[in-house]
Amino acid sequence: MPRQLHLNAFLMNTGHHEASWRLPESDPYAHVDLAHYVHLARVAERGTFDSLFLADGPQLWNNLAQRPAGALEPLTLLTALATATEHIGLIATASTSYNSPYNLARRFASLDIVSGGRAGWNIVTTAGAEAARNFGLDAEPAHAERYARAGEFLDVAFKLWDSWEDDAIVADKAAGVWGDDARIHPPRHRGTYFQVEGALNVPRSPQGYPLLVQAGSSEDGKRFAARYAEAVFTAQQTIEDARAFYADLKARTSAAGRDPGHIKVLPGIVPVIGSTEAEARELERTLEEHIVYAHGVGRLESLLHLPSGALELDAPLPDDLPSEDAIEGAKSRYTLVVELARRERLTVRELIGRLGGGRGHLTFAGTPEQVADAIETWFTQSAADGFNIMPPVLPSGLDAFVDHVVPILRARGLLRAEYGPRTTLRERYGLPRPANQYTTRENALV
Ligand SMILES: Cc1cc2nc3c(=O)[nH]c(=O)nc-3n(C[C@H](O)[C@H](O)[C@H](O)COP(=O)(O)O)c2cc1C
């Protein structure tokens with residue numbers, strides 16, 4: 001099989017562009033409308049995407065005036081989508097800083113069972129003090145501390161998902177034996193952050209573990225990804241940066257004793273598609289004209305950890321910004337935004353315009369052929385194993401991608417033409433099913 005693209009549909013209410021909800025076609029209530037998400041999931045499935053994905057955080061994101069805010073809880077929404085789709089993977093974001101392993105491991109095992117092995121977990125450590133204050137803390141735990149907790153969280157989750165051997169259920173009606181207690185392995189975990197005694201209250205799921213996804217590109221984030229992640233979402237502005245990130249992550253994964261083929265790197269792209277280049281530029285311009293800059297300034301100040309009023313719309317960023325080391329929130333996004341502004345000598349207004357589409361992800365406006373060319377170039381030049389597709393407007397941007405870009409990618413042999421037999425999400429991503437850490441040759445049933 002020649003190498004093929006992995007495509008993930010990153011779904012966000014009316015689209016990734018902050019002004020998308022203001023277009024005449026958009027439904028400002030779509031963010032809590034199940035029918036909207038069922039439609040999007042089915043379109044992505046028509047485009048034979050590997051998976052779809054929902055971002056999340058345990059806090060109210062965004063200034064309510066700016067764009068639709070508040071969202072359905074991802075595991076709940078994905079459970080509904082599991083029953084409305086057949087093949088597509090379902091990836092939910094969940095925080096390791098503001099959950100406990102037992103509850104979360106159970107929810108992911110449940111989604112994996114309900115969906116027939118299509119669950120994925122975008123593991124995030126959650127930046128920002130707002131979330132911390134919703135969980136009894138005054139400030140966010142330090143960046144390194146959040147990643148240390150995430151590591152232990154994963155180790156406990158593995159123990160829980162393995163706490164039932166695959167053949168723990170015997171279902172021997174004649175003998176009157178339903179299950180074999182010898183094949184249940186309580187974690188009895190005593191760690192720095194967690195104490196977890198007993199086995200999970202749901203059997204081992206079709207995939208064993210959900211697909212493990214990670215999305216932070218700081219030093220700690222990359223170290224974590226090399227150890228645990230099977231797919232990585234990342235924001236990269238240039239192919240040079242993306243190639244360097246790709247090579248670095250693959251090398252780190254090898255150094256961690258893992259197969260570098262078992263970590264798929266998926267940069268985000270915001271495709272602004274028109275039937276001509278002029279039409280694509282026009283859509284880009286329309287969206288930009290709908291940005292309310294006063295909202296954008298506040299958001300940028302908070303991302304850059306500046307006090308309110310520190311930025312002027314028609315001036316460049318201040319010279320004396322702190323270095324990434326001093327940032328305890330989202331480190332890599334901070335650096336990306338500052339470098340973008342400096343590299344292209346953008347004013348604050350221009351920077352807000354550039355971030356409006358994808359918050360730092362690559363925005364690419366063009367014809368379907370041009371979008372397909374960009375995807376092919378990054379894919380064949382070792383910058384990506386696939387893409388996180390982030391339509392600026394939903395549903396129209398996903399429709400356009402599936403109807404016009406997907407056929408080109410298929411004709412070039414870069415994307416499957418159909419799903420074929422049902423498989424798990426791990427199989428779609430070319431990943432093995434994890435062995436159960438407690439099953440040995442001696443205790444395996446034959
Ligand atoms: C495509 C993508 C999606 C993300 N989704 C979420 C999310 O849903 N929730 C969240 O708290 N952080 C999300 N993040 C942020 C990362 O988890 C991380 O906090 C951020 O990239 C900064 O990480 P770093 O400090 O390791 O650089 C996302 C990042 C990327 C690139």
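**Exercise 1.** In which loop is Pro395 found? Identify also the peptide bond that sets this site apart, working in this predicted model.

*Solution.* Begin with the elements on either side: Pro395 lies in the loop between β13 (386-389) and α13 (396-411). Next, inspect the bond that precedes the proline, where Leu394 and Pro395 are joined by a cis peptide bond with omega of about 10°. As background, most peptide bonds are trans.

**Exercise 2.** Locate Thr126 and describe what its backbone shows.

*Solution.* Thr126 is placed in the loop between β4 (119-124) and α4 (129-133). Its phi is positive, about 65°, although the residue is not a glycine. The sign deserves a remark, because most residues other than glycine have a negative phi.

**Exercise 3.** Describe how strand β5 is joined to strand β6, and examine the turn that belongs to them.

*Solution.* First take the pairing: β5 (residues 169-172) and β6 (residues 177-179) run antiparallel and are joined by two bridges. Then find the register, for which Asp172 serves as a marker, since this residue stands opposite Val177 in β6. Finally, turn to the connection: the two strands form a hairpin with four residues between them, and Gly176, which lies in the turn, has a positive phi of about 70°.

**Exercise 4.** Work out how the protein is divided into domains, and characterise the interface between them.

*Solution.* Step one is the division itself, which gives domain 1 (6-275 + 360-445) and domain 2 (292-355). The contact between them draws 22 residues from domain 1 and 16 residues from domain 2. Step two is the separation: taken over C-alpha atoms, the centres of domain 1 and domain 2 are 28 Å apart. Step three is the buried area, which amounts to about 1500 Å² between the two domains, with 48% of it on carbon and sulfur atoms. Step four concerns specific interactions, where one residue pair in polar contact is counted between domain 1 and domain 2, both residues being at pLDDT 80 or more. On the side of domain 1 that touches domain 2, the residues divide into four nonpolar, 13 polar and five charged.

**Exercise 5.** How many salt bridges are found in the whole structure, and how many cross the interface of domain 1 and domain 2?

*Solution.* The search of the whole structure yields 25 salt bridges. Across the interface of domain 1 and domain 2, one is found. As a particular case, consider the side chains of Glu18 and Arg299, which meet in a salt bridge at 4.0 Å, N to O.

Notes: Residues are numbered from 1 along each chain as its sequence is written. Side-chain values use heavy atoms; hydrogens and water are left out. Two strands pair if DSSP finds at least two bridges between them. Domain bounds come from an automatic or database domain assignment. Contact means heavy atoms within 4.5 Å. Buried area is the accessible area (1.4 Å probe) that two parts lose on being put together, summed over both. A polar contact is a pair of N or O atoms within 3.5 Å; within protein, one must be able to donate a hydrogen and the other to accept it, and residues adjacent in sequence count only if both atoms are side-chain atoms. Ala, Val, Leu, Ile, Met, Phe, Trp, Tyr, Cys and Pro count as nonpolar, Asp, Glu, Lys and Arg as charged, and the others, Gly among them, as polar.
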